[in-house]
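Hello,

Here is the structure I promised to hand over. My notes follow it; please read them with the model open.

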Protein chains: 2
Amino acid sequence: MDSLRIGWIGTGIMGASMCGHLMTAGHTATVFTRRRERAEPLLARGAVWADTPRAVAAASDVTFTMVGYPADVREVVLGPDGVLAGAARGSVLVDMSTSEPALARAIADAAGTRGVATLDAPVSGGDIGAREARLSIMVGGDPATFAHIRPLFAHMGRTIVHQGPAGSGQHTKMVNQILIATGIIGVCEALIYARKSGLDVPTVLESVSGGAAGSWSLTNYVPRMERGDLEPGFMIEHFVKDMRIALAETKRLGLVLPGLELAERLYASLVDAGHGRKGIQALILALDRVG
Amino acid sequence: MDSLRIGWIGTGIMGASMCGHLMTAGHTATVFTRRRERAEPLLARGAVWADTPRAVAAASDVTFTMVGYPADVREVVLGPDGVLAGAARGSVLVDMSTSEPALARAIADAAGTRGVATLDAPVSGGDIGAREARLSIMVGGDPATFAHIRPLFAHMGRTIVHQGPAGSGQHTKMVNQILIATGIIGVCEALIYARKSGLDVPTVLESVSGGAAGSWSLTNYVPRMERGDLEPGFMIEHFVKDMRIALAETKRLGLVLPGLELAERLYASLVDAGHGRKGIQALILALDRVG
């Protein structure tokens with residue numbers, strides 16, 4: 001692929017790694033992020049700073065956004081100094097934030113009227129997946145745009161799947177989060193039961209990990225919970241954001257998902273108790289109480 | 001291992017396979033089961049029929065029980081015609097049913113006063129695991145008794161772990177069931193969300209199966225649910241039994257496990273609706289309704 005002019009908005013822990021991979025692959029980068037100091041490592045590698053998302057887009061063939069909340073996506077894309085105010089016809093906008101499916105569709109529509117193509121492409125795999133370019137990238141949008149951008153995704157992730165039209169990437173991410181939300185309740189409850197009934201947890205894992213009770217969460221979170229490591233791989237306040245997007249969508253779709261509702265309630269209680277910046281394995285704190 | 005005189009009580013689908021493996025390994029078998037016709041394939045292979053669990057035990061070095069409910073375990077072990085009424089000093093009783101941890105301890109105590117050693121050794125892996133000798137066998141009881149019986153377990157299973165004193169096998173099985181119960185809620189909710197939001201389910205699985213949302217249930221149950229296959233690998237009414245044992249234990253231990261409680265409520269509603277003999281993937285029927 002020829003060298004492209006990449007724009008990157010949102011250089012947090014994940015965004016900085018992902019943008020860095022594109023630079024390593026030979027693309028040039030223009031960057032903007034809320035706190036400029038977060039962009040310094042990329043600037044030191046030759047990225048160019050721009051003062052607004054609009055200015056980033058004006059300088060770029062493909063502009064990526066990787067920000068926190070749907071309100072942030074809305075502002076950096078649709079706001080007066082947003083990407084669409086600066087993007088040239090024929091350029092591409094790729095939102096890799098986890099955000100609302102309906103917003104992804106609204107952005108696709110607004111961009112389309114300006115001749116700008118879009119993809120919604122949220123990821124799973126966390127900080128480590130971003131650093132090691134092992135993300136799963138779930139993509140919604142036009143198939144031709146997906147085919148065009150796929151080589152760039154290949155520098156950031158290992159599982160890159162086109163899921164359907166605009167919004168489908170976000171919907172797939174919601175499926176991912178629904179699975180994690182309910183699964184981790186079971187992992188915590190099982191751990192609490194095992195401890196309280198006097199079992200040796202590593203020995204229990206030998207019996208249950210390899211069969212029908214097995215899961216990524218069981219294998220990866222129980223050892224952390226056992227050593228009291230509640231540091232974030234994936235932070236509770238971000239997870240709560242995701243679950244609330246999913247709950248709003250389920251309501252809109254006319255669904256009732258009691259497992260997801262339970263998870264949101266439990267995690268919201270952890271945020272209220274000041275644990276919002278711990279990792280999602282800290283759910284053990286909400287469940288480990290005497291009835 | 002020298003040829004032993006094996007006793008087997010409960011020759012349902014799993015029990016018949018498991019007893020058959022021991023006979024294939026060169027041990028002789030005496031059998032009893034509630035409906036004699038269920039034992040015919042084993043009798044045709046040379047197993048000897050006995051009219052009561054007591055008579056089975058009297059003819060056996062090691063007696064296995066694989067029956068349905070804790071009440072059945074109590075009757076075939078502790079009843080007037082039960083195993084302990086017939087078992088010789090120095091013989092061993094192995095209960096492989098999924099049953100109550102407290103009952104396992106009570107049986108161990110009652111057997112101990114008669115000079116009979118016991119193990120509680122419930123399994124996971126279902127009909128197929130039993131047939132293919134790939135079960136996970138979770139064992140509670142005296143370590144020396146475990147070492148003595150381990151070669152017999154090796155004919156039935158692949159993951160054979162001593163979990164601790166009497167009752168520990170049952171506790172470990174409860175951990176296994178707690179994990180499955182809550183995990184499958186998430187799998188069903190994710191599937192319902194994916195369908196309703198217009199995604200293609202196999203394509204979604206490509207994105208989410210390999211990462212933090214991945215689980216055995218996701219990989220194994222979604223394809224069955226997608227093709228409308230609700231036949232039992234593991235039957236709802238047995239799962240409800242297991243969850244009620246787990247809930248009674250959690251109460252006794254002073255725990256509150258809301259995910260397990262939710263699963264039990266949802267599955268109980270399926271039993272009420274006449275779906276008790278479907279497979280546990282039929283949970284999709286309880287969740288797939290418009291809110």
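Strand β5 (residues 92-95) of chain A pairs with strand β6 (residues 117-120) in the parallel sense, over four bridges. In that pairing V94(A) stands opposite L119(A). Keep in mind throughout that this is a predicted model.

β5(A) has another partner. Strand β4 (residues 62-65) of chain A also pairs with β5(A) in the parallel sense, again over four bridges. Here F64(A) stands opposite V94(A). So V94(A) faces F64(A) in β4(A) and L119(A) in β6(A).

Which way do the residues of β5(A) point? V92(A) and V94(A) point one way, and L93(A) and D95(A) point the other way. All of them are buried, D95(A) included. In a regular strand, side chains alternate between the two faces of the sheet.

Now the chain as a whole. Chain A has 14 helices and nine strands. Its radius of gyration is 20 Å, close to the 19 Å that the globule rule gives for 291 residues, so chain A is as compact as a globular protein of that length. The C-alpha trace of chain A spans about 65 × 45 × 35 Å along its principal axes. Of the 291 residues in chain A, 60% are buried. Take the contacts in chain A with a separation of 6 or more: 67% of them join residues 24 or more positions apart. Chain A exposes about 11,100 Å², and carbon and sulfur atoms supply 52% of that.

Next, the core. The largest nonpolar core has 96 residues. Which residues have the most contacts inside it? They are Y267(A), L283(A), Y267(B) and L283(B), so named from both chains. Leaving out residues up to four places away in sequence, Y267(A) touches I184(A), I236(A), F239(A), V240(A), M243(A), I280(A) and L283(A). L283(A) thus appears both among the residues with the most contacts in the core and among those that Y267(A) touches. In soluble globular proteins, nonpolar side chains tend to be buried together.

Last, the two copies. A turn of 180° with a shift of 0.0 Å along the axis lays chain B on chain A, with an RMSD of 0.0 Å. That is the relation of a two-fold axis. In chain B, the C-alpha nearest the axis belongs to S215(B), 2.0 Å from it. How do the copies meet? They meet through the same surface, because 100% of the interface residues of chain B are also interface residues in chain A.

Best wishes

Conventions: Residues numbered from 1 in each chain as written. Chains lettered and ligands numbered in written order. Predicted model: local features only at pLDDT ≥ 70, side-chain atom pairs only at ≥ 80, totals over all residues. Heavy atoms only, no water. Core = buried A, V, L, I, M, F, W, Y, C linked by side-chain atoms within 4.5 Å. Buried < 20%, exposed > 50% of the residue type's maximum accessible area, 1.4 Å probe, protein only. Contact = heavy atoms within 4.5 Å. Least-squares fit on C-alpha atoms with pLDDT ≥ 70 in both. Helix = DSSP H or I, 4+ residues; strand = E, 2+ residues; numbered from the N terminus. Rg over C-alpha atoms; globule rule 2.2 N^0.38 Å. Areas by Shrake-Rupley, 256 points an atom, 1.4 Å probe, with all protein chains shown as cover. Pairing = 2+ DSSP bridges.
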